[in-house]
Amino acid sequence: MTPLPYYLVLSSLLFIIGLAGAITRRNAIIVLIGIELMLNAANLNFIAFWRHGVSGQGNAGLMFALFSIAIAAAEVAVGLALIIAIYRHRKTLDLNRVNSLKG
Amino acid sequence: MTISFIILAILVLAGAALAMSLRNLVHCALCLVLSFTGLAGLFLQLQAQFVGFAQILVYGGAVSILVVFAILLTRSGDTQESAEINRDWVIGCWIAAIVFSTLAMALLSSAFFKEPQAVPGQADARAMGHELMTRYVLPLEAVALLLTAALIGAALIAMPELRKPQGHAPDKEVA
């Protein structure tokens with residue numbers, strides 16, 4: 001079994017890739033993808049901790065990952081709907097130009 | 001560290017890095033599928049079968065299809081971002097490096113490196129289903145409610161704006 005620290009390093013690398021993308025990219029869809037990558041890194045941590053028995057007895061880590069996947073799906077649906085609404089309103093997805101709440 | 005872990009880790013990291021750096025958004029979405037599928041492989045390697053297959057279904061299937069739909073509906077695939085490395089990139093990479101060094105420091109100073117834990121977790125789909133129906137039944141219902149509300153809300157937001165009924169804005173005429 002691969003030791004726990006390898007998984008933790010992998011998930012932190014995945015997290016910072018998502019973070020760097022969410023900070024630097026200007027397209028709203030790519031920013032949303034970066035946030036998804038960060039959520040997935042957290043999921044990997046949950047499951048790695050669960051598998052290596054750090055959380056004690058029970059399957060709390062597994063359940064947390066499962067609920068996190070479900071909530072991330074809802075988040076993506078709402079986020080992409082918002083992105084489509086913004087595009088319909090402003091004809092652009094460049095976050096540097098979408099900078100006011102008043103349409 | 002096994003060979004399969006190395007292969008899956010390279011798959012996940014390369015997919016994520018390409019998804020964050022490519023210019024064509026459709027290519028980004030395809031690399032994203034690669035990364036999510038590699039993560040599902042990692043989950044399977046960690047003996048979390050149900051979550052692994054749920055990852056393939058939800059992320060590899062539904063989320064990527066949604067992302068592709070959004071890219072095509074907003075015609076982001078046609079327009080390319082400018083390719084030059086500007087100040088934003090430098091700042092973003094600095095922030096990422098600082099966050100990573102913080103995480104690595106916390107990791108190195110933790111106890112996980114020194115003593116391996118004894119009891120590995122084990123759960124098949126049957127045990128998980130049983131637990132979802134007994135101990136976690138309230139969170140399950142809450143997530144069901146949340147998903148329903150979120151999907152209805154998403155459909156409402158993405159719908160074209162309805163026309164306002166005629167004769168409903170008398171304020172302008174008065175003014």
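**A core shared by two chains**

Apart from its neighbours within four places in sequence, Leu42(B) is in contact with residues of both chains: Tyr7(A), Leu10(A) and Leu44(A), together with Phe5(B), Leu8(B) and Val12(B). The model in which these contacts appear is a predicted one.

Leu42(B) belongs to the largest nonpolar core, which holds 61 residues. Leu42(B) is among the members that touch the most other members, and so are Val51(B) and Val67(B) from chain B and Ile29(A), Leu44(A), Ile47(A) and Leu62(A) from chain A. Which elements give two or more residues to this core? In chain A they are α1 (4-24), α2 (28-51) and α3 (60-90), and in chain B they are α1 (3-21), α2 (25-45), α3 (49-73) and α5 (125-134). The largest contribution, 12 residues, is that of α3(A).

The core may also be viewed in terms of domains. Chain B is divided into domain 1, spanning 1-64, and domain 2, spanning 131-163. Both domains give residues to the core, and therefore the core lies between them. The centres of these two domains, taken over C-alpha atoms, are separated by 25 Å.

Empty space is the final topic. The count of cavities of 30 Å³ or more comes to two. The second largest cavity contains about 30 Å³ of space. Its lining consists of Leu32(A), Ile33(A), Glu36(A) and Val76(A) with Leu32(B), Val63(B) and Val67(B). Two elements, α2 of chain A and α3 of chain B, give two or more residues to this lining, and α2(A) supplies the largest share, three residues. By character, the lining divides into six nonpolar residues, no polar ones and one charged residue.

Terms used:
Residues numbered from 1 in each chain as written. Chains lettered and ligands numbered in written order. Predicted model: local features only at pLDDT ≥ 70, side-chain atom pairs only at ≥ 80, totals over all residues. Heavy atoms only, no water. Core = buried A, V, L, I, M, F, W, Y, C linked by side-chain atoms within 4.5 Å. Buried < 20%, exposed > 50% of the residue type's maximum accessible area, 1.4 Å probe, protein only. Helix = DSSP H or I, 4+ residues; strand = E, 2+ residues; numbered from the N terminus. Domains from an automatic or database assignment. Contact = heavy atoms within 4.5 Å. 1 Å grid on protein atoms, 1.4 Å probe; cavity = no way out; pocket = protein on both sides within 12 Å on 5 of 7 lines; lining within 4 Å. Points joined across faces, edges and corners; volume = space filled by probe spheres on them. Nonpolar A, V, L, I, M, F, W, Y, C, P; charged D, E, K, R; others polar.
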